[in-house]
Structure formats: structure tokens, C-alpha cells
Amino acid sequence: MSPKVRTVWRCQQCGASAPKWLGRCPECGEFGTYVEEMERSERNGPSVSRLSASRPVPLSEATAEDALRIPTGTPEFDRVLGGGLVPGSLVLLGGEPGIGKSTLLLQVSDGVARNGTSVLYVCGEESTSQVGMRARRLGIKGDGLELMPEVDVEAVEHAVRERRPGLLVIDSIQTAYDPALDAAPGSVSQVRACAARFMRIAKETGLPTVVVGHVTKDGTIAGPRVLEHMVDSVLYFEGDRDHAFRIVRAVKNRFGSVSEIGVFEMGEGGLAGVSDPSGVFLGQRQEALTGSVVMPAMEGSRPLLVELQALVTPSFTPVPRRVTTGVESARLLQVLAVLERRAGLSFGSLDVYVSIAGGVRVAEPAVDLPLALALASTLRDKAIGLEVAAFGEVGLTGRIRPVSHTASRIREASRQGLTRVLSSLPPGTPVVEGASHTAVASVEEALERLGLAVASGKDR
Ligand code: TYD
Ligand code: MG
């Protein structure tokens, strides 16, 4: 029986489909993203879950995955995964081109292979000699590691069933191709079908699989966001290519915490894990400069010290600029409003630039207080001492709300020699030895303490 072929129009951004072309996707609102694709109804056959979980299992007999995790030989990567690769799991590693995905996975593959687990590395994107060159650069001999320059998922599945590797790497999902589909590689149908296929293989054979996904400039996995829902874990490579530091962050993890990060440094010999990121990010601070303050941010279970920088200059545009790097611009706007109304600091005719040094991104509300201090410092042209660190969420009233992990943030700051920490102090916070904590209830009070308030200061 020949499978039925039908055409659908599919949004290349979100994967929504329609029987005819649409100028604007009703699901995600993008314009001009609809592309005609052929689909065979046969493909919609048995679902992944039906094939994998064929038999009910008593909960008491369900095996604990932790015992079976495969260490990757790269501790920072294990940390993001939640302690190593879980058998049968499908992990998506996303990131911009050139950020280091292939480098990391080659290093991880080598680590796994050296532990005695064979690895099949499918390089649809590069030739074997290109990968070989990278391996030489990384000093990888490659015993137990097989390369397969293949884009056809059929052939990959065949190789997996024949060679039975202990880890499968697909670099990348955008080049994977299912010949049963009449759509171009990288299209939503292809990416989705190929991911579903790898998911099925992973679940059926217990083979841990890592797929690489390129990310577009707006930060989504190229084409289908649907991919994120299909896989077990989604890891993103962050940082920019011009900085040596790279962060791998878990944004979804069925087998671990989603807030863990791994910090790496790209060097001549590939990616090296950074075990003391705070020290590295603060390394260059020699003297107190205006507009700079340190914040103990939380990344998963560990505190990370980052340097917040702000700069104001007279504006020559009708609408003054507000430019942020590493901080959400909504947070900046809110903090500016609070400073204006509660502390009498006016930024109305000034361009404002805010950034976090080293290409780090901080999304948590605890960035509010250090942001306010850095802004006040640049506006008043008064430096904040090198021994100062601050964190706390600032409400619209100007009051500082406590945030999580107060004690570990203070501990990390004092460990790095930042002995004066400003934040709100929730009742019951343990006393941290060696740190001098200043409890502040409002932005005004924090500014006052540092001599940055409008009314305080004989410098007026
Ligand atoms: P790559 O891992 O190929 O990135 P992706 O797979 O995410 O597209 O390469 C990352 C960049 O890192 C590349 O521009 C070259 C550079 N690099 C180093 O600086 N040192 C090294 O040891 C290696 C292998 C690459
Ligand atoms: Mg690559």
C-alpha cells in the first residue's frame, strides 16, 4: 500500500500548520514563515511513547537513574546534566554557530570513550577530516570514538543497531534528513521527524543521545520550538564568541535541576572547565571606578560574583538611549523609575548603558539593588569601594525585598574578599563569619550608606 502524501503549509518558526499559505502565523505572529511541505500520513504512525513504554512497570521496580548515569569526563558538563548522561535520554545542546558546541561534544565524546563506553559521532555538518583536525588540536587520539559523516537518519539508525554504541552524538539536527519526507533538511517537518526518530531509538535501546541545534539570532533553536518540548533536556551555550568565557545552562531537564550552569573557558586546547568562576569574572578589578559594583548572583545552587557596570552620558537623541547587555531592559527601566521618584536621581536627558562584565547574563530580580547603586555611582561620579557587594529585589516603593540564598551569597562575597555586603536580611539568616553585612531596607538607605544619596554627601 503506498503511503498517502499530502501537502501542508507549515510555519518554520513555531511548527503550526495550515491547509493553505498564510502571510502571518496565527500561532506565533511571525510574518512570512509559511513554507509548503509534503507529509506522509504514515509518518504519524505509532507515537514515541507507545513504542517505548510498551509494558506497565510497578513504580517500586522503576530503576533509579542516578546509579546508571554515565560520567562525561567533563565535570562542568556533568553538573549541568545533573550528574552525567542518563541512559535513554535525548539531550539538545543549542547555541549560536561558532560558540563551541562541536568542540565541547568532541571533548565529551572522548571522555566517555576513554571510560570504556563506545561513541558514535555523526558529523553531518563537517567532513571527517575537519573533525579529525579539531580532534588533533584538542589532543584527542580517539580510541573508542567513531565518526560518521552522514545526514540520513535511516543510515544512522542502521549504524546504531549494528554497532551498538554507548553514546550517540548528532551534529547537527538541522542537517539530519529523513528521506521518507519530501521536505528540505532544517525545515520544521524534517527536524521534528528526525528528532522523533532519535527519541524513539534512544528510548528503545537505552542509548543516551546528544543532538546539536543551531540557534537563530533571536535565541530560539532554528526553526522549531517544538523540538524543546520533545527532548528530555535542553542545554544552551551562552556567552559571545569574542569572550573566552562560555556558559552552558540547562533550561529544561527531566533528570536534574534547570538552574545549573557549567562555566568554560575557550582556549588553544579547547574548552576547559572553570571551577572558580567568581575569581575569574572579577579578576581584572584593580581600583574602584565609578559605575561599577559587584553582585553575588545565584546560578543554580552556586553563587557567582559578577561585576555590574553602568555609564551615563548626555543624550543627543530626542529619546535618550537605554542600552543593556546581560540585564533585562525592563529591569533597568523600572530601577531608573524608582531612582527618579524615590531617590531624586534624574536620568531624563541622559543616555544610559548597563552591562555585566565577561558576557554573563543575570535574569534574577536580585540584580535591582546593584543596578541602582551602579547607576547612582556613575550619575554622581562617585566610585563604590572595591570591598562592596550588593543584591536585592527593589519594589516600586523603593523597598528592598529579600531574595533566596542570602547566606551563601554573603559567604561567596566574603570568600572573594568583598567584606561589605548590602542587602535586605530575612529573619533567621545565619551569621557569616568574616563578612560585614549591612542590612538595608530601601534604595534610599543603601544609597545613603555608600554616600550616593542626593541629600547625603557634602560633595553636593
Ligand atoms: P565549534 O566548536 O566548531 O563551534 P560550533 O560547533 O558551536 O559551531 O568552534 C568554536 C570556535 O572555537 C571556533 O571558532 C574555533 C574556536 N576554537 C578555539 O578557540 N580553540 C580550540 O581548541 C577549538 C577546537 C576551537
Ligand atoms: Mg559545529
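**Figure 1. Cys11 and Cys123 in a predicted model without disulfides.** Let us start with Cys11, which is buried, at a relative accessible area of 0%. Its closest cysteine sulfur belongs to Cys28 and sits 3.8 Å away, too far for a bond. For this predicted model, a disulfide would need the two sulfur atoms within 2.5 Å. Cys123 is likewise a buried residue, with 1% relative accessibility. For Cys123 the closest cysteine sulfur is that of Cys194, and the 16 Å between the two sulfurs is again too far for a bond. Searching the whole structure turns up zero disulfides.

**Figure 2. The protein chain as a whole.** Here is a step back for orientation before the next close-ups. The chain has 460 residues, and 51% of them are buried. Its secondary structure comprises twelve helices and 21 strands. Measured out along the principal axes, the C-alpha trace spans about 90 × 50 × 50 Å. Among contacts with a separation of 6 or more, 67% join residues that are 24 or more positions apart.

**Figure 3. The largest cavity and its lining.** Three cavities of 30 Å³ or more are present in the structure, and this view is centred on the largest, which holds about 50 Å³ of space. Which residues line the largest cavity? From the earlier part of the chain come Val122, Gly124, Glu150, Val151, Val153 and Val156, and the list continues with Ile170, Asp171, Ser172, Thr175, Ala176 and Phe198. Sorted by class, seven of the lining residues are nonpolar, three are polar and two are charged. Helix H5 (153–163) and strand S7 (167–171) each contribute at least two residues to this lining.

**Figure 4. A cis peptide bond at the cavity lining.** Asp171 and Ser172, both in the lining of the largest cavity, are joined by a cis peptide bond with omega near 10 degrees. Ser172 belongs to the loop that runs between S7 and helix H6 (188–205).

**Figure 5. The two sides of helix H4.** Which residues of H4 are buried? In this helix, residues 128–137, they are Val131, Arg134 and Ala135. Viewed down the helix axis, the buried residues of H4 fall within an arc of 100 degrees, so they line one face of the helix. Helix H3 (101–114), strand S5 (119–123) and strand S6 (145–148) are included in what covers them. Met133, Arg136 and Arg137, on the other side of H4, are exposed. Just after the helix comes Gly139, with a positive phi of about 70 degrees.

**Figure 6. Two positive phi angles outside glycine.** Arg164 is not a glycine, yet its phi is positive, at about 50 degrees. This arginine is located in the loop between H5 and S7. Is Arg164 buried or exposed? Its relative accessible area is 58%, so Arg164 is exposed. His405 is another residue other than glycine with a positive phi, in this case near 55 degrees. The loop that holds His405 connects strand S19 (400–401) to helix H11 (406–415). With a relative accessibility of 40%, His405 counts as partly exposed.

**Figure 7. Glu260 and its contacts.** Glu260 lies in the loop between strand S10 (245–253) and strand S11 (261–267). This loop residue is buried, its relative accessible area being 11%. What does Glu260 touch, leaving aside residues up to four places away in sequence? The contacts are Arg79, Val80, Val248, Arg249, Ala250, Glu299, Gly300 and Ser301. For a sense of scale, Pro19 is 241 residues from Glu260 in sequence, and their C-alpha atoms are 42 Å apart in space.

**Figure 8. Glu328 in the loop before helix H9.** Glu328 is found in the loop linking strand S15 (322–325) and helix H9 (329–342). Its relative accessibility is 40%, so Glu328 counts as partly exposed. Pro365 is 37 residues from Glu328 along the chain, and 9.7 Å separates the two C-alpha atoms.

Notes. Residues are numbered from 1 along each chain as its sequence is written. Chains are lettered from A and ligands numbered from 1 in the order in which they are written. This is a predicted model: local features need pLDDT of at least 70, side-chain atom pairs count only at pLDDT 80 or more; totals for chains, interfaces and linings use all residues. Side-chain values use heavy atoms; hydrogens and water are left out. Buried means under 20% relative accessible area, exposed over 50%, partly exposed in between (1.4 Å probe, protein chains only). On a 1 Å grid over the protein atoms alone, a cavity is a set of points where a 1.4 Å probe fits but cannot get out, and a pocket is an open set with protein on both sides within 12 Å along at least five of seven lines; lining residues have an atom within 4 Å of a point. Grid points are joined across faces, edges and corners, and a volume is the space filled by probe spheres set on the points. Helices (H or I, at least four residues) and strands (E, at least two) are DSSP runs, numbered from the N terminus. Ala, Val, Leu, Ile, Met, Phe, Trp, Tyr, Cys and Pro count as nonpolar, Asp, Glu, Lys and Arg as charged, and the others, Gly among them, as polar. The arc is that of the directions from the helix axis to the C-beta atoms. Contact means heavy atoms within 4.5 Å.
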